[in-house]
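Q: Please take a close look at the enclosed empty space in this model. What lines the largest cavity?

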Amino acid sequence: MRLAAAANEAYAASLAVSELLGCRQCGGARGQDEELGIRIPRPLGHGPSRFIPEKEILQVGSEDAQMHALFADSFAALGRLDNITLVMVFHPQYLESFLKTQHYLLQMDGPLPLHYRHYIGIMAAARHQCSYLVNLHVNDFLHVGGDPKWLNGLENAPQKLQNLGELNKVLAHRPWLITKEHIEGLLKAEEHSWSLAELVHAVVLLTHYHSLASFTFGCGISPEIHCDGGHTFRPPSVSNYCLCDITNGNHSVDEVQINSAGNISVSDSFFEVEALMEKMRQLQACRDEEEASQEEMASRFEMEKRESMFVFSSDDDEVTPTRDVSRHFEDTSYGYKDFSRHGMHVPTFRVQDYCWEDHGYSLVNRLYPDVGQLIDEKFHIAYNLTYNTMAMHKDVDTSMLRRAIWNYIHCMFGIRYDDYDYGEINQLLDRSFKVYIKTVVCTPEKVTKRMYDSFWRQFKHSEKVHVNLLLIEARMQAELLYALRAITRYMT
């Protein structure tokens, strides 16, 4: 009970930090502390997310006893309640599974020592320039006794970890290029070799943190107040705006609402929801009337795969990594490239030949007991999660839409389901949504608030967070499928 009370206090502190520090907007301190010359950090942002109003997260976190129990578990495991947890709280069933899996990967018995686990998390997050996750795991790495010299750059880490850099790079950006030779190089590196069990643990950690970087950027997670970029010591503005407003490019509430909607009226965005509902009804009617041939299904997959290459954002500028992040990985110029560009032809990965349920799950569970079960549960919760709502509509079967999102991501990775009609994707996912999906999954460091605001404009923030859960789990499964297939080919 004391632990739960401590967790609840920590949660209250983390959410109400602005009240504790004085200014309702940016936490500006007043009075005695200023007189004493004490510099108190003020959060730069408004709550755990730059995309989601803090008051919505506060409302969710205050009304459910199950959530308080989850906060207690998280606080007990990590000694903190980070902003990722506070945003995932929109979906407590998923959050519980996520926290349980992450706790097992980082802290329970396993093939890799604790400091290796956090260092691999740093390596994985750094590939996507995710300073948020890098900062968290730098602290955790030091806490469990990691050598501070390793943090000066990957070249200062043991050769065994340096050897993992190539797999980390390919897995993060072009997983379809992973071969059994990548696996063999790690397992037969003489005194620096990995065991199969260690490698599976490392692969799961890499895919976990690649996908978590996608969630961090996709939901606009704010830096923790104690990390770089999470606070300021400057006094608040004397005008109606606080310093945090200016720093984050925020303006008055009315102006934000106008700009984020892109001058689209409420009636227009309402019409978008109605149009999506109608398309779902029509597709279901077509399913009931006729079924496409296997040849037609294959043709539609190839068409969607080609079209996905031409989905890109107008904000598609290069993001230069900072030295603090780039020192944790090699080959900073290596990034995402569509698999069929530049004359390359990557064979389609057919799920009927190698799938998670029949192949990947058992391999992970055999070499790293219980983890396969935990990951499988997390996949299923994200995929099947539904409250039977869509924006303002209730009692809606959203399975068609959830499957389209999941399969579109796998399609971008060259993974095909023989029993799925890929023609449905273009019917259900409009261009702005596809841009958001591809950016979050493939180049998350380029996600902007404008992208987040531009899709599903009448949908709740909780529904957009759910979309992000689908994106990160589909991405993690795609990466795992390619890596585990390569391991299986090496073993056979």
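A: Here is a walk through the cavities, starting with the largest.

This is a predicted model, where local features need pLDDT of at least 70, side-chain atom pairs count only at pLDDT 80 or more, and totals for chains, interfaces and linings use all residues. Residues are numbered from 1 along each chain as its sequence is written, and side-chain values use heavy atoms, without hydrogens and water.

A cavity is a set of points, on a 1 Å grid over the protein atoms alone, where a 1.4 Å probe fits but cannot get out. Points are joined across faces, edges and corners, and a volume is the space filled by probe spheres set on them. The count is three cavities of 30 Å³ or more.

The largest cavity has a volume of about 200 Å³. Its lining (residues with an atom within 4 Å of a point) holds 17 residues. Nearest its centre lie Thr-389, Thr-398, Trp-456, Glu-463 and His-466. Strand E4 (389-390), helix H21 (399-412) and helix H25 (461-491) each give two or more lining residues. Helices (H or I, at least four residues) and strands (E, at least two) are DSSP runs, numbered from the N terminus. H25 gives the largest share, five residues.

What is the chemical make-up of this lining? The residues divide into nine nonpolar, six polar and two charged. Here Ala, Val, Leu, Ile, Met, Phe, Trp, Tyr, Cys and Pro count as nonpolar, Asp, Glu, Lys and Arg as charged, and the others, Gly among them, as polar.

Methods: 1 Å grid on protein atoms, 1.4 Å probe; cavity = no way out; pocket = protein on both sides within 12 Å on 5 of 7 lines; lining within 4 Å.
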